[in-house]
Structures are given as structure tokens and as C-alpha cells.
Amino acid sequence: MAAPTHHLFSLLLSLLFFSPVFSRTTPSPTIATATATLDVSASLDLITRALSFDPSRVQQTLDPEKTKLHSENSSDISLTLHSRDFLSTTPHKNYKTLTLARLRRDSARVSAITARAALAVNGISRSDLKPLLDPAMTTTASTDDLQGPIISGTSQGSGEYFSRIGVGRPAKPLFLVVDTGSDVTWIQCEPCTECYQQTGDIFNPSLSSTYSPLTCESESCHALDVSACRNSSCLYQVSYGDGSYTLGDFATETISFSDSSPVSGIAIGCGHDNEGLFVGAAGLLGLGGGSLSFPSQISARAFSYCLVDRDSSATSTLQFGPSAAPDAGAVTAPLLQNHKMDTFYYVSMTGISVGGELLSIPPSSFAMDETGAGGVIVDSGTAVTRLQTDAYTALRDAFTKRTGDLPATSGVALFDTCYDLSSKTTVQVPTVSFHFPGGSELKLPAKNYLIPVDSAGTYCLAFASTTAPLSIIGNVQQQGTRVSFDLENSLVGFSSNKC
């Protein structure tokens with residue numbers, strides 16, 4: 001018995017005194033989750049189907065007159081969400097041109113969002129952003145007199161997903177772009193000075209019994225970033241970073257989600273002069289945090305959305321009400337208030353990990369300072385997540401270090417880290433996770449950060465750097481995840497696979 005006891009004692013000594021060396025040469029416990037599988041074949045197949053869809057068939061399927069509005073119960077509102085590219089009547093010739101078009105829209109949106117944030121941080125007031133109108137013109141101007149976009153810090157891109165609501169009495173079903181980065185809800189209206197082509201007929205306010213113009217002295221009119229006055233009636237204008245804009249009358253109207261759940265007195269823009277890249281939608285549903293946003297006007301305690309893959313014709317939902325709050329299994333993080341900017345939803349973020357290892361990124365890269373600069377927002381309309389340069393560099397370098405076995409290729413547009421996966425069916429890539437206070441971790445699916453940019457098998461890391469005064473979690477990283485905004489408790493929740 002002596003020999004076995006001696007051997008056991010020696011083993012215990014070796015574990016006790018040499019375990020630090022042992023731990024440095026043995027894979028960490030997180031190694032099993034350090035990689036994720038990217039299904040290359042599945043994503044390329046999705047591209048093929050997206051490019052070959054029949055616009056006329058989609059238009060018939062999405063005919064607003066043939067789609068019932070619905071509400072699951074009296075306290076909840078549920079709407080169907082679609083990717084904006086499946087409302088277009090003109091499909092792109094190839095996936096590369098579609099990708100470049102998306103990235104152009106995205107860059108314009110990000111530039112405008114960051115410009116707006118910078119102006120707010122520097123103390124630029126709303127009145128400073130208003131156009132200099134002749135006093136005589138503000139009392140007699142028609143929409144013809146105010147044509148053209150107003151270039152200001154309020155500009156931002158026009159969103160990537162759309163839903164359908166009923167407007168007026170009787171309710172007219174209309175498809176609207178949904179956007180957490182905008183507050184003003186608006187629709188195209190007859191008579192048109194200039195209107196783009198939309199799905200379905202343009203709204204005619206004269207046919208609605210509940211349409212009521214707002215006065216120039218109304219609280220809602222004063223809450224607009226850009227406004228003017230015509231015969232005591234309020235005029236509005238909103239410009240977007242991609243060159244789109246809308247101009248018209250500001251009014252209240254009834255909004256419907258089912259025959260039994262109309263909401264009256266909602267302030268909306270009735271646009272008579274509208275131009276831009278709204279891809280068939282009749283207008284925009286503002287989901288921001290400002291006083292004019294739809295959630296604010298209906299005093300929503302919570303709302304949530306789940307964004308389907310932009311290359312999929314499948315749908316998901318936008319929900320308002322108690323059931324929209326984060327569920328028990330959600331990854332949650334605090335919503336922060338920026339006293340200089342109430343539209344955007346700021347989230348408290350603490351770090352990023354790649355391959356199961358937390359990156360060495362200064363906390364200042366994610367923090368909002370006392371002036372309102374910095375911080376991280378969650379945005380439904382921005383596609384690609386933007387990170388401060390030091391955070392992005394750390395992420396990119398950690399990712400490329402762990403993908404040395406994948407064939408690298410040249411960058412595409414704003415993407416500088418790309419791979420040629422044309423000969424692959426599936427690949428293993430490092431996991432990427434966002435970290436929030438309290439140890440919360442949101443693990444992203446591989447398809448949410450390594451995305452195809454053409455039909456030939458070129459995939460790029462879907463992050464980009466920014467020197468702007470804020471970072472943005474974009475919708476590519478949100479796809480397939482239910483994002484819940486608990487406004488009552490100041491929380492945002494992320495629930496994977498809850499579309």
C-alpha cells in the first residue's frame with residue numbers, strides 16, 4: 001500500500017505547486033464555446049432566393065387592402081415586420097449592387113445621426129437648426145414654397161424595416177418604415193406636390209372624419225425640430241441623411257391596429273412633398289424616445305421588435321404593451337438617459353469578447369460623459385455596428401488572429417476584413433459577444449457578424465470604426481433577436497431566437 005500512497009501524494013504535490021503552469025498550457029473552460037459555425041451554403045442560398053423573388057407576387061401578398069390588422073389582446077398591439085428590400089418593385093441585378101446600395105444608405109444615416117449627436121453635445125438648440133424663413137412667407141407659404149430638403153443636424157437615414165398600420169376613419173392600411181432613430185410619424189398625402197411611388201393608394205385626408213390640422217401654437221407643433229406656419233396651421237419638415245425628405249401639414253389622426261383598438265389624436269405629418277429612398281413605403285413610424293414618437297404618444301410602457309434576416313421574405317413582429325417587456329431569459333442592460341438627446345436609445349455596455357476572451361478596451365470607449373458625448377445606442381435603422389476606433393481595432397485584430405486558416409481577400413466599401421469562402425460549405429469562426437453590467441453577455445450568431453457581400457462567396461466582418469461621439473449597435477447584429485425596450489423600468493432586453 002506504501003507505493004500507491006506515495007504516488008498519490010506526489011500527484012497531489014504536482015497539482016498544488018505546478019497548477020499555474022498547467023493552466024497556461026491547457027485550453028480554458030470556455031474553449032468549447034470559443035467558436036461558432038457559419039453556414040455558408042445556407043446564406044448563399046438565401047441570397048439566390050432574395051435576388052429571384054417576383055416583385056408582383058410580393059406586392060400582391062403584401063397588398064394592404066388584403067391584410068387584416070390585428071391585436072392579440074386588448075392591452076397589446078402586434079404588427080408584422082418585413083425587410084424593406086421585399087417591398088421594392090425593382091429588384092437589384094446582383095447581390096453586390098444590393099450590398100453597396102445598403103451600405104451607401106447606411107453610411108448616410110450614420111453620418112447624419114452622429115452629426116445630430118455632435119450638435120446636441122455642443123449645445124446647438126432646435127431653433128438654431130430651423131431654416132431662416134421670411135416672416136411674410138411663414139404666414140402665407142404653401143408647400144410649393146418650401147420645396148427641397150433642409151440640411152440640418154436633424155437629418156438621418158430612413159430605416160430598413162417596415163410594418164403596416166391603419167390611418168384615419170375609416171382606417172386606411174398603409175406600409176410604414178419603422179425607425180427607432182426618428183420621432184415624427186408621417187405619411188404621404190393627397191394632393192401631392194411631389195410624391196414617390198408607394199405600395200397602395202396615397203392617403204387622402206379629406207376622406208377621413210378624424211383628420212384635424214394642428215395649430216402653430218399647439219404643443220406638438222412647438223416640439224418639432226423644423227416647423228413653419230401657414231394660415232395658423234402647423235407645417236413640418238423632416239430631412240434624412242440619404243437625401244430623402246418629407247414636407248407638409250402637421251395634424252392629428254386616428255391610428256388603428258385592429259377594428260377594436262383605434263388610438264385617436266396621434267400627431268402625424270401629412271406630407272405633400274416627399275422624395276427619397278423609402279422603397280414603396282407610405283411613410284415612417286417614429287419609434288424614438290422623444291415626445292412626438294409613437295411610443296411616447298400612446299404612453300407605451302414597453303415595445304419590442306424582432307428583425308428577420310434582410311435577405312429573407314419571412315416576417316416577424318413589432319409589439320407594444322406589457323407582453324413586449326423583456327422575458328425572464330433575456331439578456332438585459334440598463335437604458336441610459338442622455339439629457340442632450342432624447343430620441344436615441346442609449347444602452348450601458350461594458351465590453352466585447354472574441355473567441356471567449358474579453359478584449360482589452362478602455363471603458364471610455366462605451367461610456368457617455370457628463371456632456372452627453374459618447375455612449376452606445378441601439379438603432380433599428382443603422383445596419384452595421386459602429387465602434388470607437390480603439391474598440392473596433394481590438395475586435396478586428398482579435399478576430400483576424402483567430403481566422404488565420406481562412407483565405408483573406410480585399411475589403412469591400414467600409415469593410416476592411418473580408419474572406420473568400422467560395423469553396424466552403426461551413427466554417428468555424430471565433431464567437432463575438434457584447435457584454436453589459438452585471439455579467440450579462442449577448443452571444444451573436446456567426447451570421448450576424450460575418451456576412452456575404454456578393455453571390456460569389458465573399459464574406460466580411462460586419463463592424464466598422466467611427467470617430468463620432470457615439471457608437472451604434474446596428475440591425476445586422478440584431479437580426480433574429482427580439483429587442484425589448486422596457487421604458488417603465490429603463491431596461492433593454494435581447495432574447496435570441498424569439499421572432
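**Helix α4 and three strand groupings**

Gly 123 follows helix α4 and has a positive phi, near 80°. The model is a predicted one. This briefing covers α4, then an open sheet of 4 strands, then the pairings of strand β14 with β30 and with β15.

**Helix α4**
- Helix α4 spans residues 95–121, 27 residues in total.
- From first C-alpha to last, α4 reaches 38 Å, close to the 39 Å expected at 1.5 Å a residue.
- At the N-terminal end, α4 is capped by Asn 94.
- In this cap, a side-chain oxygen of Asn 94 lies 3.1 Å from the backbone nitrogen of Lys 96.

**Open sheet**
- The order of the 4 strands is β20-β21-β26-β25, with antiparallel pairing.
- Strands β20 (408–409) and β25 (450–452) form the edges, each pairing on one side only.
- Edge strand β25 is joined by 3 bridges to β26 (residues 458–461), and these two strands run antiparallel.
- Pro 452 has Tyr 459 in β26 as its bridge partner.

**Pairings of β14**
- Strand β14 covers residues 331–336 and is joined by 4 bridges to β30, residues 491–496.
- The strands β14 and β30 run antiparallel, and Thr 332 stands opposite Gly 493 in β30.
- Strand β14 also pairs with β15 (residues 345–347), in the antiparallel sense and over 2 bridges.
- Tyr 346 in β15 is the bridge partner of Leu 336.
- In a regular strand, side chains alternate between the two faces of the sheet.

Terms used
Residues are numbered from 1 along each chain as its sequence is written. This is a predicted model: local features need pLDDT of at least 70, side-chain atom pairs count only at pLDDT 80 or more; totals for chains, interfaces and linings use all residues. Side-chain values use heavy atoms; hydrogens and water are left out. Two strands pair if DSSP finds at least two bridges between them. The expected span of a helix is 1.5 Å times one less than its number of residues. A polar contact is a pair of N or O atoms within 3.5 Å; within protein, one must be able to donate a hydrogen and the other to accept it, and residues adjacent in sequence count only if both atoms are side-chain atoms.
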